[in-house]
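Me: I have a structure to go through, and I would like each label on it justified. Please set the value against the cut-off every time.

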Amino acid sequence: MQTPLESFIDHQADTGMQCGSYSIDIPPLKDGEQYRFHFDAVACVGCRCCEVACNEQNNNPADIKWRRVGEIEGGEFPAFTQLLNSMSCNHCIDPECLKGCPTNSYIKIDKTGIVVHDDDTCIGCQYCTWNCPYGVPVFHEERNIVTKCHMCHERLDEGQSPACVQACPAGAIEIEVVNVEEWLKRDIDEQANMPFLPDARITNSTTRYTLPDNLPDNMKEMDEHILKPAHSEIPLVFMTVLTQISLGGFLALFLGDVMSLFGFESTNWIMALLVMIPAAVGLPLSALHLGRPFLAMTAMKNIKTSWLSREALALGLFTGLMVGVVAMYFFHLPHILRLLVEAITLGIGMYGIYAQSMIYRIRARPSWNRITTNYKFFGVAYIGAFLLAFISSISSVHEAIIPLTTMGMLGALAQLFFSYEDIRTLDSKENEYQLQRSKRLLNENFASVKKIRFATLLLGGVLLPLLALVFVSGSSMLMASIILGLVLVVTFMSEISDRFLFYTTVVPLGMAGGFFVGKQR
């Protein structure tokens, strides 16, 4: 009579199960093929042995999970269904992590199709943790870098099974070979999707799912009652707002320099210097967001596909050129030459802020992936006009105060409209689940911050500037200067609060029911 262990071993041999096996027999890859995971949701019992085995194999702490199990439920008792999903990296055909990484730290191995992460070059910017619609990459705080599943490719090279496959007692996880062209043409839409999982076409995921028949219509995420704010990203809050203020100030400076050709009072080097300072302060702040800030300069490596690389290069050039413009004013270089350099600088700055906004136009984060993100990022530039109006009020260029203040007010009104539209369009039907949760965070968790945002924008962007214009018309320059200084403080506070809300209220796509997903952001 066989023992239970002997019976299980025979069952493995008869069915070709990979679980429990130190080695696996998979066919060699042909041209156009790659490895992939197969997950059988019918077989999975939710024991989480795969999570534990993955952590032990890769020496990860408990809160770093390269493989994690999500839970979905539906139906009515006694016809109740629990659906489990054990997911790690899907080793996508078009991985968003690879496209977005500014340091080229993601590599899709040609001969296997496995997506691996190069730890040595990672700067810990965590952009990939935003970009991946499945929330796969995870920031490792002890190492200050991002890490992820690599399908135990060193073991596969030796014909050995990955740790999660070997540990699964139910045989729910397997390694397979997939023909990429056939998968994309024929099978991906039916076999790569499951309830509450982002559309596989976003990245052309390769994981194949086996699902139960006749799933209930009322399936829901087991963690849908949990709603937590996202990371506040304080260094990025200040960096983005400050660089956008510099762009607005430089635009006003350039327009003023153009108008000086027609007899108006000329701009000066002090104005150019003070307009440059916000960007000069803001850009280094972004390094505080990095796990390895001393490698910050390598963020420009992936200009070809990464908006983050493009932003770093463009805004770095923008700030450097603004320093050059200050020098041109100070040393009284020819006016026409200065205007040419200013025009080039302005163009690069505008592209830099556009690239900055496009960093957040990612499908994995629906509340960011809207045109209002672009509008609001450029909209902050109105503070730059107020900054130059304030500088004019404390210097001798008094005739510029009224047009600059008016320009700032018009910009503030536009920003007020963009902010209203940003909230209104949260009611969109596309990605409704995530957008409505973002709306709840905005109205429940941060209702007071939202009120402060709109009150300060109206006060600092419209009412106080009107008062400043009254004092200017009465030649009370001291009071006008005080009011315009207050305008800068209030509007800056308004935009900082709005950017704080931008980061904290985002609800990403991801795996459903992930109670124990650790540090995935």
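Reply: The labels are taken in turn below, from the overall picture to single residues.

Me: What kind of model is this, and how many helices and strands does the protein have?

Reply: The model is predicted. The protein has 17 helices and 10 strands. Its C-alpha trace spans about 105 × 50 × 40 Å along the principal axes. Of the 521 residues, 54% are buried. Among contacts with a separation of 6 or more, 74% are between residues 24 or more positions apart.

Me: Why is the pair of Phe 250 and Phe 318 called edge-to-face?

Reply: Two values decide it. The ring centres of Phe 250 and Phe 318 are 6.0 Å apart, and the limit for a pair is 6.5 Å. Their planes are at 85°, and angles over 60 degrees count as edge-to-face. Therefore the pair is edge-to-face. By this rule the count comes to 24 aromatic pairs.

Me: What makes this pair a link between parts distant in sequence?

Reply: Phe 250 belongs to helix α8 (residues 234-259) and Phe 318 to helix α10 (residues 307-330), so the pair ties together parts that are 68 residues apart in sequence. Both Phe 250 and Phe 318 are buried.

Me: How do you know that Tyr 360 and Trp 368 form an aromatic pair, and of which kind?

Reply: The centre-to-centre distance for Tyr 360 and Trp 368 is 5.1 Å, to be set against the limit of 6.5 Å. The angle between the planes is 85°, and the edge-to-face class starts over 60 degrees. The pair is therefore edge-to-face. Both Tyr 360 and Trp 368 are buried. They belong to one aromatic cluster, formed with Tyr 127, Trp 130, Phe 377, Phe 502 and Tyr 503.

Me: What makes Arg 67 and Arg 338 lie over the face of a ring?

Reply: For distance, CZ of Arg has to be within 6 Å of the ring centre, and it must also be within 35 degrees of the ring normal. Arg 67 is at 4.7 Å from the ring centre of Phe 37. Arg 338 is at 4.0 Å from the ring centre of Tyr 329. Each is listed as lying over the face of its ring.

Me: Why is α13 called roughly antiparallel to α17?

Reply: The axes of helix α13 (residues 382-393) and helix α17 (residues 477-504) cross at roughly 160° and come within 9 Å. Angles over 145 degrees count as roughly antiparallel, which makes α13 roughly antiparallel to α17. The crossing of α13 and α17 is left-handed. Residues making the contact include Phe 386, Leu 387 and Phe 390 of α13, and Leu 484, Leu 488 and Phe 492 of α17.

Me: Which residues of α9 meet α13, and in a left-handed or a right-handed crossing?

Reply: The crossing of α9 and α13 is right-handed. The axes of helix α9 (residues 269-285) and α13 come within 10 Å and cross at roughly 145°. From α9, Met 271, Leu 274, Val 275 and Pro 278 meet Leu 387, Leu 388, Ile 391 and Ser 392 of α13.

Me: Why is Arg 36 called buried?

Reply: Arg 36 has a relative accessible area of 8%, and the limit for buried is under 20%. Arg 36 is therefore buried. This residue is found in strand β1 (residues 33-40). Leaving out residues up to four places away in sequence, Arg 36 touches Glu 174, Glu 176, Trp 183 and Arg 208, among others.

Me: How do you know that Gln 126 and Cys 152 are buried, and where do they lie?

Reply: Relative accessibility is 4% for Gln 126 and 8% for Cys 152. The limit is under 20%, so the label follows. Gln 126 is in the loop between β5 (115-117) and α4 (127-131), and its phi is near 70°, a positive value in a residue other than glycine. Cys 152 is in the loop between β7 (145-147) and α5 (153-157). The phi of Cys 152 is near 45°, also a positive value in a residue other than glycine.

Me: What makes Val 52 partly exposed?

Reply: Val 52 has a relative accessible area of 47%. Buried requires under 20% and exposed over 50%, so partly exposed is the class in between. Val 52 is in helix α2 (residues 49-58). Val 52 and Cys 164 are 112 residues apart in sequence, with their C-alpha atoms 8.2 Å apart in space.

Technical notes. Residues are numbered from 1 along each chain as its sequence is written. This is a predicted model: local features need pLDDT of at least 70, side-chain atom pairs count only at pLDDT 80 or more; totals for chains, interfaces and linings use all residues. Side-chain values use heavy atoms; hydrogens and water are left out. Rings of Phe, Tyr and Trp (its six-membered ring) pair if their centres lie within 6.5 Å; planes under 30 degrees apart count as stacked, over 60 as edge-to-face and the rest as tilted. Helices (H or I, at least four residues) and strands (E, at least two) are DSSP runs, numbered from the N terminus. Buried means under 20% relative accessible area, exposed over 50%, partly exposed in between (1.4 Å probe, protein chains only). Axes are lines fitted to C-alpha atoms, for helices over the stretch in contact, and angles run from 0 to 180 degrees between N-to-C directions. Angles under 35 degrees count as roughly parallel, over 145 as roughly antiparallel, 65 to 115 as roughly perpendicular and the rest as oblique. A crossing is left-handed if the near helix is turned anticlockwise from the far one by less than a right angle, and right-handed if clockwise. Contact means heavy atoms within 4.5 Å.
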